Amino acid sequence: IEVSARSFAFDPNEVRVAAGEDVTIALTSRDAFHDVVVDELDAHVVANRGETALGGLRADEPGEYAFYCSVPGHRGAGMEGVLVVE
């Protein structure tokens, strides 16, 4: 799954995966240090400006899981999305 981070937004801000699927997140930061955190799945991917970083996750249970940037102020400015597990 390719995710781009820039100026308090993720593109895409909704990601769909299959339950039980091993997923690799390729996070590309366009403008500053950003990360992607999914608390319920213990997932965390960190990318510096201009960098693409890889990280993995697996959701065995269908549902919707919030993901967000944990850099102070970023989530509050709207830098979040939803992971839909089907």
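**Around Val-38, and outward from there**

Start with Val-38: leaving aside residues up to four places away in sequence, Val-38 touches Ala-43, Leu-57, Tyr-65, Ala-66 and Phe-67. Keep in mind as you look that this is a predicted model. Val-38 belongs to strand β5. Is Val-38 buried or exposed? Its relative accessible area is just 2%, and anything under 20% counts as buried, so Val-38 is buried. If you'd like a longer-range landmark, try Arg-75: Val-38 and Arg-75 sit 37 residues apart in sequence, and their C-alpha atoms are 12 Å apart in space.

Val-38 also helps line a cavity, together with Ile-1, Val-3, Val-15, Val-23, Ile-25, Val-36, Leu-57, Phe-67 and Leu-83. Two elements give two or more residues to that lining, namely β4 (22-29) and β5 (34-38). What kinds of residue make up the lining? There are 10 nonpolar ones, with no polar and no charged residues among them. The space inside comes to about 90 Å³, and the model has one cavity of 30 Å³ or more. Two of the lining names, Leu-57 and Phe-67, turn up among the contacts of Val-38 as well.

Now for the nonpolar core. The largest one has 24 residues, and Phe-10, Leu-27, Leu-57 and Leu-83 are those with the most contacts inside it. Plenty of strands feed this core: β1 (2-6), β3 (14-17), β4, β5, β6 (43-47), β7 (52-58), β8 (63-68) and β9 (80-85) each give two or more residues. Take Leu-27 as an example and follow its contacts beyond four places in sequence. Leu-27 touches Val-3, Ala-5 and Phe-10, then His-34, Asp-35 and Val-36, and further along Val-45, Val-46, Ala-47, Glu-51, Thr-52 and Ala-53. Charged residues are part of that set too, including Asp-35 and Glu-51.

Finally, look at Ser-4, which is found in strand β1. Ser-4 has a relative accessibility of 17%; with the cut-off for buried at under 20%, that is why Ser-4 counts as buried. Which side chain does the side chain of Ser-4 meet in a polar contact? The partner is the side chain of Arg-30, at 3.1 Å. Setting aside residues up to four places away in sequence, Ser-4 touches Ala-9, Phe-10, Asp-11, Thr-28 and Arg-30. Phe-10 links back to the core, being one of the residues with the most contacts inside it, and Leu-27 touches Phe-10 too.

Technical notes: Residues are numbered from 1 along each chain as its sequence is written. This is a predicted model: local features need pLDDT of at least 70, side-chain atom pairs count only at pLDDT 80 or more; totals for chains, interfaces and linings use all residues. Side-chain values use heavy atoms; hydrogens and water are left out. On a 1 Å grid over the protein atoms alone, a cavity is a set of points where a 1.4 Å probe fits but cannot get out, and a pocket is an open set with protein on both sides within 12 Å along at least five of seven lines; lining residues have an atom within 4 Å of a point. Grid points are joined across faces, edges and corners, and a volume is the space filled by probe spheres set on the points. Helices (H or I, at least four residues) and strands (E, at least two) are DSSP runs, numbered from the N terminus. Buried means under 20% relative accessible area, exposed over 50%, partly exposed in between (1.4 Å probe, protein chains only). Contact means heavy atoms within 4.5 Å. A nonpolar core is a set of buried Ala, Val, Leu, Ile, Met, Phe, Trp, Tyr and Cys residues joined through side-chain atoms within 4.5 Å. A polar contact is a pair of N or O atoms within 3.5 Å; within protein, one must be able to donate a hydrogen and the other to accept it, and residues adjacent in sequence count only if both atoms are side-chain atoms.
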